[in-house]
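Here is a colleague's note to read with the structure open beside you. Please follow each point in turn and look for the elements as they are named.

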Amino acid sequence: MNLLAIESSCDETSAAVVQDGTRVLSNIIASQEAIHSVYGGVVPEIASRRHLEVVLPVVEEALSRAAVSLDSIEGIAVTQGPGLAGSLLVGISMAKALAYARNLPLVGIHHIEGHFFASFLEHRITFPFIALVVSGGHTHLYRVDGVGRYTTLGQTRDDAAGEAFDKVAKIIGLPYPGGALIDKLASRGNPDSIRFPRPLLHDGSYNFSFSGLKTAVMQFVRKNPVPAESEALYDLCASFQAAVCEVLVEKTRAAVRDTGIERLVVAGGVACNSGLRSSMSSFAREVGIELYIPSPVFCTDNAAMLGVPADFYVRNGICDGLGLDARTVWSLDSLAGRIR
């Protein structure tokens, strides 16, 4: 079964053709990074207008790269939420139009649900597993017992990890988006040079907090100005990144220990971070669990990841009507009612 998936939750317009929920025939991503970099962050109105301009060409390219026509598509999947309202509506409108014109089943997918299953495009993973989703808008720990069967274990109380990376990058004078630049500079620094705080590290919960860490970096820089392209800058980046990674690893360690689950999926844009990938790999080897982290192209927002859960839903007749609407805020736990 060939599914056409569309993702437009924030500032990437993506379309993909996924066969049988595992084989990626195409995965086209149109980034808006250069457009928003001059503003230091994503501007929602600009993002939605750009989605309008490129969504049709992106879908056409996805079909062309997959060497299939709409006649070969058997279902449409689209990100329903959470995300920016205007951005979501562009993708949803495109998906609904195609589903109506071709009389195809339509299924709305939770954005984080897609991230859970990005690793399934490259690996065979059995349930249950612990999922750590780390991105610009989310830092959550989940227990995943099957498609549509999710339990939130912990989440950030304030800034997401990716947001903290970008805000710290701005503080030290790096351009947006700064997360990848911090990772690059951190590789040249000493992670033990500055002892930044590890918020909520031993509070007994699975929750996260990164706003205090961001503030600690800001106060440090005010007292100790950091020249560009200096050892001090490299050390600061390495120390900040080490603090974030330690918190993420230790909270995940607690979830793995308390649940007894021996499979871990790390997903989301921050899963591209080399420090986090290395820290999680060391942790997994230490405790003897299976670790799955998608290739970088499947860590960032993309449509292919939607094809995994969508294939399950379509095959089981769990679809949405043309009344499907955007959900800017959407609890994953509520999806339990979708599975009968």
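1. In this predicted model, a good place to begin is the hairpin of β7 and β8, which has two residues between its strands and in which glycine 148 takes a positive phi near 80 degrees. Strand β7 covers residues 139–146 and strand β8 covers residues 149–155; the two run antiparallel and are joined by six bridges. Two of the facing positions can be picked out by eye: histidine 140 stands opposite glutamine 155 in β8, and leucine 141 stands opposite glycine 154 in β8. When you look at such neighbouring positions, keep in mind that in a regular strand the side chains alternate between the two faces of the sheet.

2. The hairpin belongs to an open sheet of five strands, with the order β8-β7-β6-β9-β10 and mixed pairing. Which strands stand at the edges of this sheet? They are β8 and β10, the latter being residues 290–292, and each has a single partner strand, so one side of each is left without a neighbour in the sheet. From one strand to the next, the twist averages 20 degrees.

3. There is also an open sheet of five strands in the order β3-β2-β1-β4-β5, and its pairing is mixed. Its edges are formed by β3 (23–31) and β5 (106–110), each of which has a single partner strand, so that one side of each is without a neighbour in the sheet. On average, and with direction ignored, neighbouring strands of this sheet are turned by 20 degrees against each other. Within the sheet, strand β1 (residues 2–7) runs antiparallel to strand β2 (residues 12–19), and six bridges join them; asparagine 2, for instance, has glutamine 19 in β2 as its bridge partner.

4. Helices pack against this sheet. Helix α3, made of residues 85–102, touches β1, β4 (75–81) and β5, and its direction makes about 160 degrees with that of β4. Helix α11, made of residues 307–315, lies across β1, β2, β4 and β5, and runs at about 135 degrees to β5.

5. Turning to contacts between helices, recall that two packed helices are described by the angle between their axes and the distance between the axes. Helix α6 (residues 179–186) and helix α8 (residues 231–259) pack at an angle of about 110 degrees, with axes 8 Å apart, and they are therefore roughly perpendicular to each other. The crossing of α6 and α8 is left-handed. On the α6 side, Ile182, Asp183, Leu185 and Ala186 meet Leu233, Tyr234, Cys237, Ala238, Phe240 and Gln241 in α8; the residues of this contact divide into eight nonpolar, one polar and one charged.

6. How are α7 and α8 arranged, roughly parallel or roughly antiparallel? Helix α7 (residues 211–223) and α8 pack at about 160 degrees, with their axes 11 Å apart, and they are therefore roughly antiparallel to each other. Their crossing is right-handed. Leu213, Val217, Phe220 and Val221 in α7 meet Leu236, Phe240, Ala243 and Val244 in α8, and the residues of this contact are eight nonpolar, with no polar and no charged ones.

7. Finally, consider the chain as a whole, whose secondary structure comes to 11 helices and 10 strands. Taken along the principal axes, its C-alpha atoms fill a box of roughly 60 × 45 × 30 Å. A compact globule with 340 residues would have a radius of gyration near 20 Å, and the protein chain, with 20 Å, agrees with this.

Conventions
Residues are numbered from 1 along each chain as its sequence is written. This is a predicted model: local features need pLDDT of at least 70, side-chain atom pairs count only at pLDDT 80 or more; totals for chains, interfaces and linings use all residues. Side-chain values use heavy atoms; hydrogens and water are left out. Axes are lines fitted to C-alpha atoms, for helices over the stretch in contact, and angles run from 0 to 180 degrees between N-to-C directions. Helices (H or I, at least four residues) and strands (E, at least two) are DSSP runs, numbered from the N terminus. Angles under 35 degrees count as roughly parallel, over 145 as roughly antiparallel, 65 to 115 as roughly perpendicular and the rest as oblique. A crossing is left-handed if the near helix is turned anticlockwise from the far one by less than a right angle, and right-handed if clockwise. Contact means heavy atoms within 4.5 Å. Ala, Val, Leu, Ile, Met, Phe, Trp, Tyr, Cys and Pro count as nonpolar, Asp, Glu, Lys and Arg as charged, and the others, Gly among them, as polar. Two strands pair if DSSP finds at least two bridges between them. The radius of gyration is taken over C-alpha atoms; the globule rule is 2.2 Å times the number of residues to the power 0.38.
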